[in-house]
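Please look through the sequence and the model below before reading on. The paragraphs that follow go from a single residue to the chain as a whole.

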Amino acid sequence: MGEIDHRFRCALEKVGSTYSGTKVGTLDECDFLCNLLELTGQVQLEPATNSKNGMFRVKLDNPNTWPEMQHDGYLLITLKQTFIRVLCKAFASLQFCHPNIYYHLAGIEPSVLWNKACTTVNVLWWGDDGQRTEVSLDFTPAIQCPVGFIQDVPITHVIPKITDNSCENWILTTSVAGTKVLRELSTNHKRGAMAVKMLTSPKLYHDGNDTNSSEVITHMFDSLFQAKEFYCNNPAIVHEPKSIIDSYMQKTAFLHEVDLYPDEQDWCDGKLFDRVISVFSYIESCCAAGYMPHAFLKNFNILEETKSKKIKSGSLGYPICWACARCAEQIQKLLKAGKLPCKNGLEVYLYPFS
């Protein structure tokens, strides 16, 4: 990318569940922060005016370097549009060099992505054995914050995530720090994180045979599909949420439980059930209160944005926080009743002596 446009010379930071070792199912996706090196140490971060915590304006030390991507000296999040064009050209050259790779881009217009900052490249790779592998690669342009910008968090970035009507407000992310924490956890801890993910997966429930006994389907996944319909029909929102309890909320609640029970033995087979129940209990109580503290940022409520959103069902709208609380409640009931929707390995995790 740097050869195509020197301003987009970047260092890739590996983040996400594949790198941290908490990916559920096939290892078919990789997430990267593209740390823009030309901006490292060349910007000043200012808290955004009239905006929630975690939003910043990026003041350029040299605005002339970014003439089409700045306004009055502040870098615009529309930088992502140029980033996508450069990324496309970079992949075109990669395809030319490696004829076994084929790809297509998703989400060319960042302004209509729902709660997304990344650009997804879907790659089909034909290996030497003739087998085809499908891999999703997510690339997010990012600017590294100065060292010590956030107390006790060594590495932070700001990314161009559209959350309000401003084109100047960048959002703070601690994904590098979060991935590092998860990556360094024990195998027992990671099994807990994966169990939480599996219990919020629509595929888990709809692939099972025991659909009549699961209240989760009515309370959680009917709402999920209504949410998908709503987001697809809204001209300003096209990205479909994967589940009502999103991965950000799951990870935050899980890390809260790890803080309470850091010992690996507290996550062994005989205790994992209690840990997972506690994670969903925490989600339920936080969503009911509309407040869940960030795992790394003090006085930061990760539900602040979610509180204002609703799921459409018929002519009615239901707050997402309410839906998340009901989902967490129903999952707890299901687990405590000793029932799981289908055979998928979770029994080994949660009911080792049954």
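Why does Glu 264 count as partly exposed? Glu 264 counts as partly exposed because its relative accessibility is 35%, where buried means under 20% relative accessible area, exposed over 50% and partly exposed in between, with a 1.4 Å probe and protein chains only. This is a predicted model, in which local features need pLDDT of at least 70 and side-chain atom pairs count only at pLDDT 80 or more, while totals for chains, interfaces and linings use all residues. Residues are numbered from 1 along each chain as its sequence is written, and side-chain values use heavy atoms, with hydrogens and water left out.

Glu 264 sits in the loop between α7 (247-260) and α8, helices being DSSP runs of H or I with at least four residues and strands runs of E with at least two, numbered from the N terminus. Leaving out residues up to four places away in sequence, Glu 264 touches Ser 186, Asn 188 and His 189, a contact meaning heavy atoms within 4.5 Å.

The largest nonpolar core (buried Ala, Val, Leu, Ile, Met, Phe, Trp, Tyr and Cys residues joined through side-chain atoms within 4.5 Å) has 70 residues, and Val 158 and Phe 280 are among those with the most contacts inside it. Helix α8 (residues 269-289) gives the largest share of this core, ten residues. A second, separate core of nine residues includes Val 15 and Ile 159.

Across the protein chain there are ten helices and 13 strands, and 47% of its 354 residues count as buried.
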